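Colleague: Before I take any labels on trust, I'd like to go through a few of them with you. Mind showing me the model?

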Amino acid sequence: MSNESKSRLSRPWLVRGVVLLVIASLLAPSAVSALTYEPSDTDLQKGTIESPANGTTVISIQGFKFQGQSNGKKPARLVGVGPRGDVQWIHEGSELDVTWFYDVDPVNGSNLLVTGTRKGGTTIYEYNPQTDEIVWRERFDEAHDTHDVDLINGDQLLVANMRNYDPEKGVNEDRIFIYDRGTDEVVWEWQFRDHTDWTKKQGGTFAAEKAKNSDWTHVNDVDKIAEGQYLVSPRNMDQVMVINRSTKEIDMRLGSDNDYSVMDEQHNPTYMESDNGTPTILVADSHGDRVVEYAKRGGEDGEWKRTWEVGSRQSFNWPRDADRLPNGNTLIVDSNNHRVMEVNSQGEIVWEFYSPWAPYDVERMTYGDEAMAADDRPTAADMNAEGDYDLTGSAGLTPGTGDKLTFSQWLSAAFAGTPISGPAESFATQWSKIAPWVRPVWMGPWDFVGAVVAGLLLVGWTVGELVYNRKRISSGVRRRLA
């Protein structure tokens, strides 16, 4: 064989060798992580602590489950965190028929009202973290995937009953109801389909056929804000409403379906009233990746005005709770960045804690249930702090890795100001929403990027080999067929 023939033969193998080397180098960090990873509580870690918190901060961590099965590497749990970021206690729900944790509220001074679910039902109980004891417990098998239950009127439970589709009737019965523990009966209920027109065709909104979906309203929060008034958050309709218990009318409404300039699939609104009595709502605009505050000025017929905003897609990733504290700061859950934080009125982080996996709710025990103290929470107008603010001062950690810059953040920054900044930003946003839920827990965020790139190279290599050897493959196929 001539030298020229040997050279032509060796070039494809040289390319194959280089590609194989690149793929191996991209997968090596993931392989090391897989061999060395051990689940532990070290992922619970403090971030920025500019000033100690006032008392214990309780974090409800949703956790990640697949088809209702528990994943010990992405656990659901409650965590009590001390003023300087020290873990005081951890509460697991596996022995209580709970695989997801959602809302948690301080009750009776030192205890917690906990809402947890598993596939096929909801468990509500009062928990004493000091003694690690369950005071009482209720089970609603008919209330699937309930995110919020509040204790009201002494011994009654106010329930946000979502995913309540009745297959026999062929209708969706998402509702708010009150269960009396003393009499063991539902004493009041309010059904969305009886008081809204969301089941009708309204352009791009939920059409009648979509109403049959098991997750129609996704009402994720309900609070008693006054005698006979309940604040509810139907997430899928991009709005917050105040329901009148007596008349069953909607007294107030902020936002409308698909008006993403106001809210985009929000979570856990907080109702406040300013010093002059102006109704004000603080809400985690989850898909908008920001926290916003709106004030209803001009009386009952007045317009809602956005008075305060903090954060952006570069700083938040799916925030799902925002509570105003009596000191004027705001306690926020940044779910897909696996952290909670306290920020001042200018958007500066003064306290931060990282808590995988997918925290849902946060409460400061000292202040009690935020829904019961609307007058004690200053609004942006009260603080003379109206405006839009960037989030600043974060430690910027990726829990358990030490990384300080995610792939999405790097991608947005790398292409900012270029002709493709728009598509790059859109891709970065989608990546930040999806990647955390599909990335193996033992694989770091950058390791996962490497694995995805390696997979794409492997696919490209396979396609290239098929094209390069198409004549040989075609000839072989014909011989076999003959």
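**Checking the labels**

Modeller: Asp285 is a good place to start: leaving out residues up to four places away in sequence, Asp285 touches Val262, Met263, Asp264, Arg290, Val292 and Pro319. Keep in mind that this is a predicted model.

Colleague: What makes Asp285 count as buried?

Modeller: The cut-off for buried is under 20% relative accessible area. Asp285 comes out at 0%, so Asp285 is buried. For orientation, Asp285 belongs to strand β20, residues 279-285.

Colleague: And what makes the pairing of the Asp285 and Arg290 side chains a polar contact?

Modeller: The limit is an N or O pair within 3.5 Å, with one atom able to donate a hydrogen and the other to accept it. The side chains of Asp285 and Arg290 are listed at 2.7 Å, so the label holds.

Colleague: Now Glu185, in strand β14 (residues 185-191). Why is Glu185 called partly exposed?

Modeller: Partly exposed is the band between under 20% for buried and over 50% for exposed. Glu185 has 42% relative accessibility, so Glu185 falls in that band.

Colleague: What does Glu185 meet?

Modeller: Apart from neighbours within four places in sequence, Glu185 is in contact with Ile178, Tyr179 and Asp180. There's also a polar contact of 3.4 Å between the side chains of Glu185 and Thr183. As for Gln156, 29 residues away along the chain, its C-alpha atom is separated from that of Glu185 by 9.9 Å.

Colleague: On to helices. Why are α4 and α5 called roughly perpendicular?

Modeller: The axes of α4 (residues 421-438) and α5 (residues 445-468) come within 11 Å and cross at roughly 95°. Roughly perpendicular covers 65 to 115 degrees, so α4 and α5 qualify.

Colleague: Which residues meet there?

Modeller: From α4 you have Trp431, Ala435 and Val438, and from α5 Phe448, Val449 and Val452. The contact of α4 with α5 divides into six nonpolar residues, no polar and no charged.

Colleague: How do you know that the length of α6 agrees with what a helix should span?

Modeller: The expected span is 1.5 Å times one less than the number of residues. For the twelve residues of α6 (residues 470-481) that gives 16 Å, and the end C-alpha atoms are 16 Å apart, so the two agree.

Colleague: How many of the α6 residues are buried?

Modeller: One of the twelve, so α6 is hardly covered under the 20% cut-off. Over the whole chain of 482 residues, 52% count as buried.

Colleague: Let's do the backbone oddities. Where is His338, and why is His338 called buried?

Modeller: His338 sits in the loop between β24 (330-334) and β25 (339-343). Its relative accessible area is 6%, and buried means under 20%, so the label fits. His338 also has a positive phi of about 55° although it is not a glycine.

Colleague: What is the phi of Glu265?

Modeller: Positive, about 55°, and Glu265 is not a glycine either. Glu265 is found in the loop between β18 (250-255) and β19 (267-273).

Colleague: Which residues does the cis peptide bond join?

Modeller: Pro356 and Trp357, with omega about 15°. Trp357 is in the loop between β26 (349-354) and β27 (359-364).

Colleague: Last one: how many helices and strands does the chain have?

Modeller: Six helices and 28 strands.

Notes: Residues numbered from 1 in each chain as written. Predicted model: local features only at pLDDT ≥ 70, side-chain atom pairs only at ≥ 80, totals over all residues. Heavy atoms only, no water. Helix = DSSP H or I, 4+ residues; strand = E, 2+ residues; numbered from the N terminus. Buried < 20%, exposed > 50% of the residue type's maximum accessible area, 1.4 Å probe, protein only. Contact = heavy atoms within 4.5 Å. Axes fitted to C-alpha atoms, helices over the stretch in contact; angles between N-to-C directions. Parallel < 35°, antiparallel > 145°, perpendicular 65-115°, else oblique. Nonpolar A, V, L, I, M, F, W, Y, C, P; charged D, E, K, R; others polar.
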